[in-house]
Amino acid sequence: MKTIVDEILKIPHVGEVKYTAKDFKPDVDVRWCAGCGGYAVLSPIQRIMPELGILKEKFVNVSGIGCSGRLPYYMDTYGFHSIHGRALAVATGLKIARPDLSVWVTTGDGDNMSIGGNHFIHTCRRNVDLNIMMYNNEVYSLTKGQYSPTSHKGQITKSSPLGVLEDPFNPSSLALGAGATFVARGHDKDRKSLQMLLKRSAQHKGVSFLEIYTNCRIFNDGAFDEFTNKETAADNTLWLEDGEPLVFGKNRDKGIILDGYNPKVVGIDNGDYSIDDLIVHNEKDSTLALILSNMTYNEEMPRPMGIFQSIEKPSYDARVEYQIADEIKKKGEGNLESLLLGESFWEIN
Amino acid sequence: MGKTVEHLEDVTIRFAGDSGDGMQLIGTQFSDTSGIAGNEVNTFPDYPSEIRAPEGTLYGVSAFQVHFGTKNIKTTGDFIDVLVAMNASSLKVSLPNLHKNGIIILNKDGFDDKNLKLSGYDENPLENNLLENYQVYAIDMFKEIKQELLELDLHPKLVRRTKNIFALGITYWMFNRPIEPTVAWINKKFKNKEDVKTANIRVLHAGWNFAENSPEFKKQYSIDKSDLPAGKYRNVTGNQAVALGLVVASRKANIPLFLGSYPITPATEILQYISGYKNYGVKHLQAEDEIAGVTSAIGAAFGGSLAATTTSGPGLSLKTEALGLAIITELPLVIINVQRAGPSTGLPTKPEQSDLLQAMYGRHGEAPLPVLAAASASDCFNMTLEASRIALKYMTPVILLTDGYIGQATEPWRIPSLDELPDINPQYATDPETFAPYKRDPETLSRPWAIPGVQGLEHRIGGLEKQDVTGTVSHEPMNHQRMVELRKGKIEGIAKDIPKAEIYGESKGDLLILSWGSTFGAAKTAYDKLTKDGHTLSFVHLKYLNPFPENLGEILNNFKRIFIPELNMGQLKMIIQSTYLIPVIGMNKVQGKPFKAVEIEEKLVELLNHKEG
């Protein structure tokens, strides 16, 4: 069933397909606050897009509302700045209609975990081939400082002057629980790792969920310092490396073992445990992914960073294509005349 | 046996029974067969909102009404001429609407103690004088069928289940309908169940023969063929017609179709039909909620599809914010609202026309969009094509209003050939030299449709106000003023591109009936009746509610009195009054039921008898 859209997409690309980050920077001023973590995420995106071997005109950046929502304006690609919470639904429709596109969604903790929560879990469940980048700054910034679904209990904000009463969502566990096939976490102070995570996320077929700790200098400054500062990061975070034992600490002297179903921190330099006792990370192990993700708000545990899970399943958009192809194979291409005639018609002369 | 034949212009027959009695099935067969016999037909299914209502109860009654005749069959019939009642409850529910001296064909079996108790009849209506003003044929259908099927040695349950077909056979005899189409249908439907097939065909003939041989049945009725244009016909519901309209619109425009919808009564069938059209390359998403339904459609529209979402009142409320997005991004989108009685869950299976103001004005900001309304089941096809054409040509969301009545009612539809349907020519931008996201076509004021994948047209759209022409984000005061005016002007300009309002009767005078949407059938029937009786009045029906046809104001100004019957508390009345600054006489019914033609007729007679200066 060839349409005009197919015709238009057949127009050959002119010129060499060789891009640099500059090709993805439009001629506009970025209007995030000075020192915003957003800059530290924008530039790795502009840097890796040229490396993916995808035609620039095939990229689409979709966003919702919040500081993160402005990202499409800062990328010289097709872009759609939609409404609060609905970026994933817009992107889902676009990807189903146009599986040839590389669709990226930028969202935030308020946009994606609160007003857009329903679309988030269903996008994960369907495994739509989208790259979701969620800026998590644990606060509503664009509305000037109210608590968000990832704010921690007791957090003082403009709408919680006496402290937040709620427990936060753990985004990676929510994504895993909802069936996301690629789930990862990074932060704005480690550009190299972030670039790697963005690239893996882009290469993954199916839904990719990348949570990015993004510092908000104005309303929640320093929220992630313990995990991102050079002095404390090594002791407070655990980097997940596929096929490698879970070792962490400034001196690489601590690790994670499994005690029953529970992860536990042990020393590996005092003779009780050795590196061989530690859990070996496996991105394909969904049970392990949940165990590791659930360490997130456990104060006795380092904060896990990196890729929790990367498993392969046919994406929803691909299934739509298979189903159509399969049906056409079975019934032949639909004939409009017989559709209109239906099952029972009569003729008047 | 001395049977006589009486000639009739039109008949309303109602098949009523328990939910499990197969009334929808025989109703559909009767209506298809009447279409094949060359009559105009209008039908309405009337079934409980419970999925499997308890057997024998009043609220478990399932009915199917067929109005058929030679001409002007535009409603499902105000009153019943022939009632087929399979049990006591179905008789009780339908009786108030039966004509005096009307015909009742009863299944005696359904009037045992248990059925009588459930129906709340203190006495058996077959044994007292309740039915003395009607022509009653009480038949022990089960006994007749048992005898007919004796030699087949079938399970009694199966035998009992064919009683609807027996009743159908009787009605076929009564109205001299051809029996072959239903035989062919049974052969196809039960092709792998030899015993069921044989039983049903035999019982259908048995019903016919029973009436033919019974001394009780003295009269047959004949209805002349209608003078319909030549062509192929089928029966179609409004919901079916919308689904077909969407597929045809996408083919006429030669672009892909995407439907994003969430199930909601009474619109769900459209989603179901579309989901079965996979070999036509149609894509659909059963979304997680109403909002995802519309926003996924907006995403698909950005990607170059003819995108649609279907819903009913509460769903339209949920989609409201997203309509603002479609308006400001100026993307084509078709929203079909199959209206039901509200507010809130209201009467979810019953029709109303009470979402007109929501469709017209129910948005934040200055957010005009075209609003269309279908007049009948088959008109849903035409208006879906129109909604698609306007959406694609003017790069705008369009709301098409239908309702639970025409959504589920059927009428014969002359199947059009593709060539006779209007062309739809969407314009995609491909030239980077001349492209700007908000550079408008000077004639239509519509912006170019530049879809991802085209080199050199990379651009950003979104909910923030954009600079005229360039499409960059703009907070500049005069630019917002200009963009609001441009969007408004674009929608108003569509008036030049839609048919002028057509007037029945004199173009000047005392009284004008102005109707919209599904009220057409009842209003037109009343108008026809009154003009035939020698009254002078005129009639205009509106299918385009925003913008109105260009000549509407002129027409209205030529009448002393404007009369608007509508299934709401006066919504079109309010719009007409405020747009044209003229008074309007309203007639407002909100009972979860369409107008009867006679209700409108009576009101009009009252107005005609009290002429005011």
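Student: How do you know where the domains of chain B begin and end?

Tutor: The bounds come from an automatic or database domain assignment. For chain B it gives domain 1 (4–222), domain 2 (234–420) and domain 3 (503–609). This is a predicted model: local features need pLDDT of at least 70, side-chain atom pairs count only at pLDDT 80 or more, and totals for chains, interfaces and linings use all residues. Residues are numbered from 1 along each chain as its sequence is written, while chains are lettered from A and ligands numbered from 1 in the order in which they are written.

Student: How do you know that domain 2 of chain B is in contact with domain 3 of chain B?

Tutor: Two residues are in contact if their C-beta atoms, placed from the backbone, lie within 7 Å. Here 23 residues of domain 2 of chain B are in contact with 21 residues of domain 3 of chain B. The domain 2 side divides into 17 nonpolar, three polar and three charged residues. (Ala, Val, Leu, Ile, Met, Phe, Trp, Tyr, Cys and Pro count as nonpolar; Asp, Glu, Lys and Arg as charged; the others, Gly among them, as polar.) Over C-alpha atoms, the centres of these two domains are 26 Å apart.

Student: Why are H4(B) and H8(B) called oblique?

Tutor: Helices (H or I, at least four residues) and strands (E, at least two) are DSSP runs, numbered from the N terminus. Axes are lines fitted to C-alpha atoms, for helices over the stretch in contact, and angles run from 0 to 180 degrees between N-to-C directions. Helix H4 (residues 141–149) and helix H8 (residues 194–213) of chain B pack at about 125 degrees. Now the cut-offs: under 35 degrees is roughly parallel, over 145 roughly antiparallel, 65 to 115 roughly perpendicular, and the rest oblique. H4(B) and H8(B) are therefore oblique to each other. Their axes lie 10 Å apart.

Student: What do H4(B) and H8(B) bring to their contact?

Tutor: B:Glu144, B:Ile145, B:Glu148 and B:Leu149 of H4(B) meet B:Ala199, B:Arg202, B:Val203, B:Ala206 and B:Phe210 of H8(B). By class, that is six nonpolar, no polar and three charged residues.

Student: What makes H4(B) roughly perpendicular to H6(B)?

Tutor: The axes of H4(B) and helix H6 (residues 163–174) of chain B cross at roughly 100 degrees, coming within 10 Å. That angle makes H4(B) roughly perpendicular to H6(B). B:Met141, B:Phe142, B:Glu144 and B:Ile145 in H4(B) meet B:Lys163, B:Phe166 and B:Ala167 in H6(B).

Student: How do you know that S12(A) is joined to S9(B)?

Tutor: Strands pair if DSSP finds at least two bridges between them. Three bridges join S12(A) to strand S9 (residues 231–237) of chain B, and the strands run antiparallel. The bridge partner of A:Trp346 in S9(B) is B:Tyr233. In total, 58 residues of chain A are in contact with 61 residues of chain B. The largest share of the chain A side, eight residues, comes from H3(A).

Student: What makes strand S7 (237–240) of chain A and strand S17 (460–462) of chain B edge strands?

Tutor: Each pairs on one side only. They belong to an open sheet of nine strands, S7(A)-S11(A)-S5(A)-S6(A)-S4(A)-S3(A)-S1(A)-S2(A)-S17(B), with mixed pairing. The twist averages 20 degrees from one strand to the next. Within the sheet, strand S3 (residues 102–108) and strand S4 (residues 131–136) of chain A pair in the parallel sense over five bridges.
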